[in-house]
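Colleague: Please take me through one part of this model closely, strand by strand where that is needed, and then set that part in the context of the rest.

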Amino acid sequence: MPSLSDPVNALKGVGEKRVSALHQLGIDTVGDLLFYFPFRYEDIRTRSLAELGDGEKVTLKGLVIAPPVVSRFGRNRTRLNVRVLVEDLPIVVTFFNQPWLKDKIVENTEVAVFGIWNAMKHSMTGQRLIAQAEGGNAGMSPIYSVNKHIRQRTLVDLIEQAYKQYAPLLTDVVPVPLRRHYKLEETATIVHDMHFPRNSEDARAARRSAAFRELFLFECRMQSLRADNNKEDAGLALNYDLQAMREFIKTLPFELTNAQKRVVNEIVADMKRPHHMNRLLQGDVGSGKTIVAVLALFAAVTAGYQAALMVPTEILAEQHYQKIAQLLAPMHVSVGLLTGSLSATDRAKTVHDIATGRLNVIIGTHALIQDTVKFAKLGLAVIDEQHRFGVNQRRELRRKGLSPDVLMMTATPIPRTLAITTYGEMDVSTIDELPAGRHPIVTEWLKSNQTRQVYDRLRSELAAGAQAYVVTPLIAESEAIDLRNAEDLYEKMTKALPQYHVALLHGQLKNQDKNDIMGAFARNEVQVLVATTVVEVGMDVANANLMIIFDADRFGLSQLHQLRGRVGRGSRHAYCYLIADPKNQVAISRMEAMVKTTDGFVLAEEDLKLRGPGDVFGDEQSGLPSFNVADPVGDSAMLDVAHGEAGAIFDTDPQLQAPDHQGIAQYLAELKRRNQYFD
Ligand SMILES: Nc1ncnc2c1ncn2[C@@H]1O[C@H](COP(=O)(O)OP(=O)(O)OP(=O)(O)O)[C@@H](O)[C@H]1O
């Protein structure tokens with residue numbers, strides 16, 4: 001029995017090569033193919049000669065008045081000429097390097113040709129023949145993204161073939177009441193009109209329904225993942241010791257902010273429940289997430305479990321380790337560090353201590369999720385800067401233990417719309433308050449010929465006993481040039497400030513050297529730290545109050561905000577100077593946004609507007625889902641609706657038993673069958 005999950009080679013003309021070409025486009029089944037939608041359409045309505053301008057792309061229709069002639073030229077190149085009578089005017093159409101078209105063009109029949117019109121010569125450079133079914137005055141030709149192993153035409157043919165045979169099998173997933181309420185098309189109509197629209201209105205309507213369908217299915221998957229997490233028997237109930245927590249809090253060097261207290265309560269209450277915790281902790285730079293994480297780690301330990309903290313870099317692991325070991329020392333918690341650069345003996349010992357349970361808290365990089373590492377009793381995994389970890393790595397860590405509770409931390413504030421799409425399956429705790437006594441960071445944007453006042457400020461702050469970061473960007477294409485930039489700047493600073501210690505920190509240093517330099521800066525043995533972006537994550541030196549960023553227009557907004565967040569972490573007045581001569585409007589807007597606000601959530605929204613969602617986190621590991629049709633930013637209103645409606649369905653019918661919800665149930669089952677449920 002045919003089914004939409006049939007592999008693509010169920011179609012005629014699909015052999016091994018095409019299977020792999022299609023696979024590269026993400027198409028494995030006939031269903032995938034039918035839902036592989038064009039990203040735009042070309043207007044191929046036939047037009048009359050009178051209205052054509054020179055060089056326009058058009059479709060002309062006419063009678064073939066002489067047999068086509070193919071001639072060769074150059075090496076392996078061909079030219080096909082054919083004379084066509086269009087509105088009583090004989091014109092010559094030339095196709096380059098498509099000799100096979102000869103058989104498709106027959107004298108005394110009608111053809112429709114899409115190409116570029118040459119008004120002077122009354123001729124056309126043909127790009128393709130429009131099949132009569134698709135052509136006539138129907139007008140819209142879909143354009144698909146393809147790769148070099150498969151041509152547009154082939155894809156169109158396959159889609160037509162698939163549509164003819166399989167269209168009756170297309171079923172609906174968006175429940176009827178929703179479809180009615182939001183005036184959405186049925187799946188069969190969506191698929192038809194996306195591929196074969198009669199006009200642009202059809203195409204637009206189909207796109208709207210297709211986008212909703214896609215967002216709705218995504219939200220359903222999030223709801224379902226969430227429901228799985230919430231199953232009573234899926235997780236651990238960590239019965240933490242409240243008294244011990246209170247004692248620990250008394251030892252802290254500061255009073256927790258109200259926001260910190262609130263999120264700690266949310267987190268430990270969640271840990272205590274027997275379901276699987278899957279929670280995101282977000283807060284602006286410097287809002288004090290680390291201590292919240294430490295309290296969660298400690299809570300797990302008081303419940304008799306081990307707890308792990310996984311961070312993206314060795315430097316950060318080291319820093320956290322120092323700090324956390326110190327904080328937990330009075331509570332007699334043993335803390336260990338596991339990174340890739342441990343010596344074999346140290347590593348073996350640490351791995352052993354993790355396996356026997358001698359270590360209560362383990363801090364590390366992704367060395368933590370290697371196969372050789374076995375935890376005695378892992379109850380909680382905290383993952384810092386989680387967008388740098390792929391989804392799979394997160395799951396890997398989860399599998400390490402008895403399905404430990406998971407707390408993710410991110411310092412990149414996520415605008416609400418994106419939080420819904422990316423972390424839809426998680427609960428979110430937000431620290432929305434900075435510790436008391438912080439002054440807003442004064443931010444100024446200066447042109448590169450205005451640096452005098454920056455140096456004046458640098459001198460006066462250093463004289464007052466403060467420290468400074470000086471950052472120059474890393475431009476990935478050329479590490480050598482980057483390094484030279486940083487070295488030049490370092491020399492300049494050293495000369496300009498002979499009475500202070502200046503140090504240079506860059507990515508090519510050995511980890512040990514980086515650590516030493518950071519340590520020296522933290523102890524105020526170094527006053528000026530010239531650095532490439534290595535300082536971006538995690539540096540926490542309260543005495544540093546000046547951040548100078550050269551070529552600031554090279555950085556994205558969230559990076560600039562991260563960098564600026566390195567200062568203003570203590571009670572000194574802090575300053576951030578952005579030195580940049582931006583050339584384009586987007587870069588100018590970024591500088592202006594930085595000057596205008598220090599609120600990371602506001603900046604994140606701004607960033608999204610300026611750059612689009614893929615760029616906010618900078619790389620493909622952003623963890624952001626990619627949609628085929630929908631655009632989480634442009635369609636954010638629709639996303640909100642899809643989120644609400646999917647939530648309502650899972651609230652009222654978590655088992656998806658209602659007849660209207662069978663489409664969703666089948667969709668989820670199919671994802672699980674194909675192992676695509678999680679990622
Ligand atoms: N309640 C508080 N009162 C005073 N200082 C605090 C408080 N909580 C945290 N701090 C201090 O504020 C600084 C920033 O805290 P922390 O490093 O946890 O921030 P963060 O949220 O992780 O920031 P980032 O993401 O920028 O690294 C640290 O020096 C920390 O000791």
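Modeller: Helices (H or I, at least four residues) and strands (E, at least two) are DSSP runs, numbered from the N terminus. On that basis T154 lies in helix α3 (residues 152-166). Residue numbers start from 1 along each chain as its sequence is written. The model is predicted: local features need pLDDT of at least 70 and side-chain atom pairs count only at pLDDT 80 or more, while totals for chains, interfaces and linings use all residues.

I shall concentrate on the sheet that contains β10. Two strands are taken as paired if DSSP finds at least two bridges between them. By this criterion, 7 strands make up an open sheet with parallel pairing, in the order β11-β12-β10-β13-β14-β9-β15. The edge positions belong to β11 (335-338) and β15 (427-431); each has a single partner strand, so one side of each is left without a neighbour in the sheet. From one strand to the next, the twist averages 20°; for such angles, axes are lines fitted to C-alpha atoms, for helices over the stretch in contact, and values run from 0 to 180 degrees between N-to-C directions. At the β11 edge, 4 bridges connect β11 with the parallel strand β12 (residues 361-364), and G336 stands opposite I362 in β12. As a general matter, strands of a sheet pair through backbone hydrogen bonds, either parallel or antiparallel.

Within this sheet, A307 merits individual attention; the residue belongs to strand β10 (residues 306-310). Burial is judged by counting other C-beta atoms, placed from the backbone, within 10 Å of a residue's own: 20 or more means buried, 12 or fewer exposed, and anything in between partly exposed. A307 counts as buried because 33 C-beta neighbours lie inside 10 Å. Contact means that two C-beta atoms, placed from the backbone, lie within 7 Å. Leaving aside residues up to four places away in sequence, A307 touches L297, A300, V301, V361, G379 and L380. A separation of 9.4 Å is found between the C-alpha atoms of A307 and F375, which are 68 residues apart along the chain.

The ligand comes next. A residue is near a molecule or strand if its C-beta atom, placed from the backbone, lies within 6 Å of it. There are 20 residues around the ligand, of which V285, G288, T290, A411 and P435 come nearest. Helix α9 (residues 289-302) supplies the largest share of this shell, with 3 residues. By character, the shell comprises 7 nonpolar, 9 polar and 4 charged residues; here Ala, Val, Leu, Ile, Met, Phe, Trp, Tyr, Cys and Pro count as nonpolar, Asp, Glu, Lys and Arg as charged, and the others, Gly among them, as polar. The ligand lies between domain 4 (236-431) and domain 5 (442-612), because both give residues to its shell; the domain bounds come from an automatic or database domain assignment.

A second open sheet has 6 strands, in the order β16-β21-β20-β17-β19-β18 and with parallel pairing. Its edge strands, β16 (442-446) and β18 (502-505), each pair on one side only. The twist here averages 15° from one strand to the next. Between β18 and the parallel strand β19 (residues 528-531) there are 4 bridges, with A503 opposite L529 in β19. Helix α16 (residues 511-522) lies across β17 (467-471), β18 and β19, and runs at about 145° to β18. Helix α17 (residues 557-564) lies across β16, β17, β20 (544-549) and β21 (575-579), at about 150° to β20. The loop between α16 and β19 holds N524. This residue is not a glycine, yet its phi is positive, near 65°. With 14 C-beta neighbours inside 10 Å, N524 is classed as partly exposed.

An antiparallel pairing occurs elsewhere: 8 bridges join strand β4 (residues 77-86) to strand β5 (residues 89-96). These two strands form a hairpin with 2 residues between them, and E87 in the turn has a positive phi of about 45°. V84 has I91 in β5 as its bridge partner.

For the whole protein, the count is 22 helices and 21 strands. Of its 679 residues, 41% count as buried. Among contacts between residues at least 6 apart in sequence, 72% join residues at least 24 apart.
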